[in-house]
Each structure stands twice: as C-alpha cells, then as structure tokens.
Amino acid sequence: MSRLGVLLSGRGSNFQAIAARVSAGEIPAEIAVVIANRPDAPGLDAARSLGLKAVSLPSKGLDRESYDRQLIATLKEHNVDWVILAGYMRILSAEFIRAFPQRILNIHPSLLPSFPGLDAQHQAFDYGVKISGCTVHFVDEHLDHGPIVMQAQVPVDPSDTAETLSAKILTQEHRIYSESLRRLFTEPWQIDGRRVVFI
Ligand code: GRF
C-alpha cells in the first residue's frame, strides 16, 4: 500500500478531503506523515485530530537546499513513497524532485498552463475568463508545470466574485485530487512525454 507524505502550509482542506477518502477505504493508501513548514498551519491540528503523525518543520530563515534536505530526511524516516503537496507554499529544490521521481503531486487552482503562481483564482477572475478550474499534476523542476493527471472546469457566472469563484474551484479541487490518487493507485498508468496515460 502506498505511503503518503502530505506537505502543507495552511488550512489543509485538500489534505482533509483526501484523508476522508483514505479512511473510507476509497483510496488504497496510508497517510504516513503530514508536514507543515509553518508551525501555525491549521492543517497540522487537523492532522493531529485525525490521529495522524503531524510534524512541524519550520522553514523560516532556512535556504531552500538545507530545508529540503530536512524534508527529504523526515519523509524517508516515515518510508514515504508519494509526496502530496496540499497548499504547500514553497518551491521545491531540484534535489527534492530527484529524491521522489514521478512521485510528487500538486493541486493548482487554475486550468494550467493558464495562471501559474500565486493567487491563481484571482488572476483568472481579474483576466475575465469565462471558464476556470483546477489541475492535478506531477511536479517537475518548473513551477506549476509537470504532466497533468486531471483537470476540472468551473464556469465563471456573471454574479461571481473572486471569492465565490475560489469556493467553487475548491470544491472541484477536493474532488479531483482524491480521484487522481484513487486512479493512480488502482489503475495502470504511464507518463508519456507530457501526457499521463491511464492504460
Ligand atoms: C488550494 O487552492 C490549492 O489549489 C493551492 O493552495 C490552496 C490550498 O488550500 N495549491 P487548502 O490548504 O488545501 O485548503
């Protein structure tokens, strides 16, 4: 059974959606550890109250390489084989990416390659798009860039604000992140160039 290491920096609602489907037996995996780079991340408390191993590993003041070495060590200590980024607000070093080849996933709140980076929902709203959404993708050395596992679209209604749009996107994030994990752990797949192919 796959052992997941969840990295987060904040509220952790994607993590909680995944944890619910893991404990319902719908995702055949075990959450081995939840790590936050911010000690006050609410996601850490959520992990603790679910009885999961929760580790605070503050990144403040540390350079990327030395912090990532600590992260790798903590994940390896817990025998993690998949790294699940769930609102983890730091760029990963090349060394980190190499430590978990094709085993790091991220969720991004836009239809990539549109609107990478911070505040993607606001970027899309301000741009005036009629359709936005979210993307689950493998993580490579470029920001919000690796091969796409799943996407969901969210239409922008005339009455939407950036906040209501973000909330609708979040609902879809929770759905497709869990669903991506379920499929990756239960179906044969391969990465063919930029394409994730379920066979
Ligand atoms: C989500 O919008 C996710 O797409 C982005 O960061 C946010 C994290 O939210 N990467 P949560 O901590 O999972 O609630």
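Helices (H or I, at least four residues) and strands (E, at least two) are taken here as DSSP runs, numbered from the N terminus. The model is predicted, so local features need pLDDT of at least 70 and side-chain atom pairs count only at pLDDT 80 or more, while totals for chains, interfaces and linings use all residues. Residues are numbered from 1 along each chain as its sequence is written, and side-chain values use heavy atoms, with hydrogens and water left out.

Two backbone details are a good place to start. Asn79, in the loop between helix H3 (64–77) and strand S4 (82–85), is not a glycine, yet has a positive phi of about 50°. In the loop between S5 and helix H5 (120–127) sits Pro113, which is joined to Leu112 by a cis peptide bond with omega of about 10°.

Turning to the ligand, the residues around it (a heavy atom within 4 Å) are Arg11, Gly12, Ser13, Asn14, Gly87, Ile107, His108, Pro109, Gln121 and Glu173. By class, this shell has 2 nonpolar, 6 polar (Gly counts as polar) and 2 charged residues. Domain 1 (1–101) and domain 2 (106–199), with bounds from an automatic or database domain assignment, each give at least three residues to the shell.

Polar contacts are pairs of N or O atoms within 3.5 Å. Oxygen atoms of the ligand lie 2.5 Å from a side-chain N or O atom of Ser13, 2.7 Å from a backbone N or O atom of Gly12 and 2.6 Å from a side-chain N or O atom of Glu173. Of the 370 Å² of accessible area (Shrake-Rupley method, 1.4 Å probe) that the ligand has on its own, the protein covers 87%. Helix H1 (13–23) and strand S5 (104–108) are the elements that give two or more residues to the shell around the ligand.

Key:
A polar contact is a pair of N or O atoms within 3.5 Å; within protein, one must be able to donate a hydrogen and the other to accept it, and residues adjacent in sequence count only if both atoms are side-chain atoms.
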